[in-house]
Amino acid sequence: MSAQHSPPSPTTATVTVFASPESWIESDAVRQCHQVAALDGMRHVAAMPDLHPGKGAPIGAAMASTVLYPHLVGSDIGCGIAVFPIGLKRAVPERIAARFPDLDRSPDPDDPVWAVAPGGPPAGHVEGLGTVGRGNHFVELARIDTVLAADHTDRLGLVAGDLVLVVHSGSRGLGERILRAHTEAHGAGPAPDPAGYLARHDEAVRWGALNRRVLAARVAHALGAEPTEPVVDQCHNLVEVRDGEYLHRKGAAPGDGRDVLVAGTRGTPSYLVAGHAGPAANHSVAHGAGRKMSRADALRRGRAKHTVAQLRRTPVGSLVVCGDRQLLFEEAPTAYKRIEQVIADLVAHDLATPVASTVPLVTYKTPDLGPDRRDERRRGRR
DNA sequence: ATGTAC
């Protein structure tokens with residue numbers, strides 16, 4: 001009997017959820033993991049403690065398969081989180097917030113920040129470069145708070161009290177275009193030409209990394225500091241070709257011997273961790289706190305629970321720059337799980353070791369032009 | 001998360 005004459009094996013992939021019983025994981029998200037596990041060619045699904053439901057596929061999962069499924073990565077190919085040291089000594093949140101540039105618009109052609117992008121962007125895609133986007137994306141000025149592994153922060157050149165820029169953004173319209181081109185032809189099905197998809201995917205991954213550098217350079221420049229190289233930059237939406245398989249990461253960062261900034265919320269700390277995840281976790285760690293409720297629920301419940309002023313000035317004393325009230329509610333800290341529980345789950349499952357915590361001073365989401373000009377914009381859009 | 005249509 002030869003294997004090639006056997007009927008396709010109807011086996012289902014294994015699913016492992018790396019969360020403790022105390023961690024609330026929405027059942028819809030686990031259901032999505034099992035739906036993914038049933039896909040043709042899927043071998044193993046590793047769900048991180050920040051798992052939550054996504055559009056068609058779960059967010060916070062690493063999925064290993066012999067077949068490449070673009071929809072498992074989603075449209076924001078190349079999205080990730082980077083940490084840039086910034087040579088500022090002191091920072092008063094109010095003054096910093098007022099100095100942030102408009103990150104909804106690309107820098108002018110003659111802006112000196114383009115020096116960080118010599119040769120132009122991957123795929124020649126200029127549109128949107130240097131813009132942060134929406135959703136959970138942000139640029140944050142944060143302070144290294146508690147050092148938990150001094151030998152490790154020493155290696156990174158960081159000490160408690162240092163200021164850093166944390167940048168969470170991706171490939172903007174470029175990744176969206178790549179997924180749309182696939183979806184229009186093949187829906188949620190596999191990529192018939194994996195090499196072709198991967199070539200465009202790799203450009204979006206490079207574009208996302210460049211976008212984070214341009215964003216950091218813009219903010220550094222606006223705050224009177226020099227642009228720096230990131231000490232940490234991990235992409236959590238991508239496909240990695242590994243051991244002859246396609247490892248899809250969707251809201252799951254590479255955790256095999258790499259440092260990752262696991263983002264908290266706009267009002268709680270984040271944690272820099274040293275990842276050491278193995279095959280059972282598909283070599284991955286969590287990428288953030290993970291949503292606890294949908295955007296719609298966060299908006300509904302948030303309006304009853306918080307004022308806009310409370311969301312703009314957070315419990316840790318930081319400011320949130322966000323002229324979009326709906327987004328402010330959707331992204332409220334209470335819409336997310338407790339980052340400490342997510343980190344505790346990573347530790348309990350031996351996926352990562354905490355290195356340091358960061359505390360936000362100013363988190364920039366989208367321009368806040370003040371009430372008068374907000375109205376102007378709203379009218380202008382009609 | 002996105003650009004775009006309503």
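These are my notebook entries on the largest pocket and on the protein surface near DNA strand B in a predicted model.

**Entry 1, the largest pocket.** I looked up the volume of the largest pocket, which comes to about 1,000 Å³. I then went through its lining of 38 residues and noted that the closest to the pocket centre are Ile 59, Ser 75, Asp 76, Asn 237 and Lys 250. Sorting the lining by class, I found ten nonpolar, 18 polar and ten charged residues. I also asked which element gives the largest share of this lining; helix α4, residues 172-186, does so with five residues.

**Entry 2, the surroundings of DNA strand B.** I listed the residues around the strand and found Lys 55, Ser 75, Asp 76, the run written as Gly 133, Arg 134, Gly 135, Asn 136 and His 137, then Arg 172, Gly 173, Glu 176 and Arg 295. Of the atoms of DNA strand B that come within 4 Å of the protein, sugar and phosphate account for 84%. By class, this surface has six polar and six charged residues and no nonpolar ones. Here, α4 supplies the largest share, with three residues.

**Entry 3, contacts to phosphate oxygens.** I checked individual distances and recorded that a polar side-chain atom of Arg 295 lies 2.6 Å from a phosphate oxygen of DNA strand B, while a polar side-chain atom of Arg 172 lies 3.0 Å from a phosphate oxygen of the strand. For Gly 173 I noted a polar backbone atom, with a phosphate oxygen of DNA strand B at 3.5 Å.

Key:
Residues numbered from 1 in each chain as written. Chains lettered and ligands numbered in written order. Predicted model: local features only at pLDDT ≥ 70, side-chain atom pairs only at ≥ 80, totals over all residues. Heavy atoms only, no water. 1 Å grid on protein atoms, 1.4 Å probe; cavity = no way out; pocket = protein on both sides within 12 Å on 5 of 7 lines; lining within 4 Å. Points joined across faces, edges and corners; volume = space filled by probe spheres on them. Helix = DSSP H or I, 4+ residues; strand = E, 2+ residues; numbered from the N terminus. Nonpolar A, V, L, I, M, F, W, Y, C, P; charged D, E, K, R; others polar. Near = heavy atom within 4 Å. Polar contact = N/O pair within 3.5 Å; in protein donor to acceptor, adjacent residues only side chain to side chain.
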